[in-house]
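Here are some short exercises to work through with the structure open beside you. Try each task before you read its solution.

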Amino acid sequence: MSGNRSEAISYQQMLDREQVTVPESLRLSTDTDLGSAPISVDRYLTREYYEREVEELWPRVWQAVCRETEIGEVGDYYTHDIASYSVLVVRQQDGGIKGFMNACLHRGRPAPGISSI
């Protein structure tokens with residue numbers, strides 16, 4: 001297995017298969033060794049750890065929501081739900097892409113009729 005933690009294709013091989021040329025910055029490698037020690041199963045099972053992630057992690061990190069090609073036409077949209085957060089990503093009239101909190105403005109909850117593609 002030559003030091004890899006998985007038999008799956010490498011990140012670079014995945015980039016090679018992309019239909020759209022990826023930026024060179026994605027091909028940079030920091031060669032960071034994250035170790036191979038097992039991660040405690042508590043991270044996946046305890047309510048305390050989940051609540052800590054919701055409070056301290058998800059509001060502060062960038063997330064890949066969808067590919068540009070998944071919302072290729074004007075009016076196409078995609079929703080992304082993580083914990084109690086819901087984001088709506090929309091292809092606009094001018095071809096641009098915008099993200100919005102997916103909430104009804106007067107009720108503060110996800111808008112009806114909007115679901116993931």
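**Exercise 1. A nonpolar patch**

In which helix is M14 found? Then work out how open M14 is to the surface, and which patch M14 helps to make.

*Solution.* Bear in mind that you are looking at a predicted model.

Step 1: locate the residue. M14 sits in helix α1.

Step 2: check the exposure. M14 has a relative accessible area of 36%, so it is partly exposed, since "buried" would need a value under 20% and "exposed" one over 50%.

Step 3: look for nonpolar company. I9, Y11, M14 and L26 make up a nonpolar surface patch of about 340 Å².

**Exercise 2. The overall layout**

Describe the fold pattern of the protein, then say how much of the chain is buried and what kind of atoms supply its surface.

*Solution.* Step 1: count the elements. You should get 3 helices and 3 strands.

Step 2: read them in sequence order. The pattern runs α-α-α-β-β-β.

Step 3: turn to burial. The protein has 117 residues, and 12% of them count as buried.

Step 4: turn to the surface. About 10100 Å² is exposed, with 52% of that supplied by carbon and sulfur atoms.

Step 5: check the contacts. Among those with a separation of 6 or more, 25% are between residues 24 or more positions apart.

**Exercise 3. Three salt bridges**

How many salt bridges does the structure hold? Take the pairs R27 with D16, E51 with R47 and E68 with R91, and work out where each partner sits.

*Solution.* Start with the general idea: side chains of opposite charge can pair when their charged atoms come close. The total here is 5 salt bridges.

Step 1: R27 and D16. Their side chains meet at 2.9 Å, N to O. D16 belongs to helix α1, while R27 is in the loop between α1 (11-16) and α2 (42-45), so this bridge ties together parts 11 residues apart in sequence. As for exposure, R27 is partly exposed at 26% relative accessibility, and D16 counts as exposed at 54%.

Step 2: E51 and R47. This bridge has an N to O distance of 3.1 Å. Both residues are in helix α3 (residues 47-56), and because they are 4 residues apart there, about one helical turn separates them. E51 comes out as partly exposed at 43% relative accessibility, whereas R47 is exposed at 58%.

Step 3: E68 and R91. The closest N and O atoms of this pair are 3.9 Å apart, which makes the cut-off of 4 Å worth remembering. The bridge links distant parts of the chain, 23 residues apart: E68 is in the loop between α3 and β1 (77-82), and R91 is in strand β2 (residues 85-91). E68 is exposed, at 54% relative accessibility.

**Exercise 4. A closer look at R91**

Is R91 buried or exposed? Work out which residues surround R91, and find a further link to E68.

*Solution.* Step 1: read the accessibility. R91 has a value of 10%, so it counts as buried.

Step 2: list what R91 touches. Leaving out residues up to four places away in sequence, the contacts are E68, I71, G72, E73, V74, G75, D76, G96 and I97.

Step 3: look again at E68. The R91 side chain reaches the backbone oxygen of E68 at 3.4 Å. That comes alongside the salt bridge between E68 and R91.

**Exercise 5. Two loop residues**

Compare the settings of A83 and D94: find the loop each one occupies, its exposure and a local feature.

*Solution.* Step 1: A83. This residue is in the loop between β1 and β2. Its relative accessible area of 38% makes A83 partly exposed. For the local feature, check the backbone: A83 has a positive phi of about 55 degrees although it is not a glycine.

Step 2: D94. Here the loop is the one between β2 and β3 (97-101). D94 is exposed, with a relative accessible area of 66%.

Step 3: the surroundings of D94. A polar atom of the D94 side chain lies 2.8 Å from the backbone nitrogen of G96. D94 and V74 are 20 residues apart in sequence, and their C-alpha atoms are 8.0 Å apart in space.

Conventions:
Residues numbered from 1 in each chain as written. Predicted model: local features only at pLDDT ≥ 70, side-chain atom pairs only at ≥ 80, totals over all residues. Heavy atoms only, no water. Helix = DSSP H or I, 4+ residues; strand = E, 2+ residues; numbered from the N terminus. Buried < 20%, exposed > 50% of the residue type's maximum accessible area, 1.4 Å probe, protein only. Contact = heavy atoms within 4.5 Å. Areas by Shrake-Rupley, 256 points an atom, 1.4 Å probe, with all protein chains shown as cover. Patch = residues over 30% accessible without salt bridge, like charges linked within 9 Å, V, L, I, M, F, W, Y side chains within 5 Å. Polar contact = N/O pair within 3.5 Å; in protein donor to acceptor, adjacent residues only side chain to side chain.
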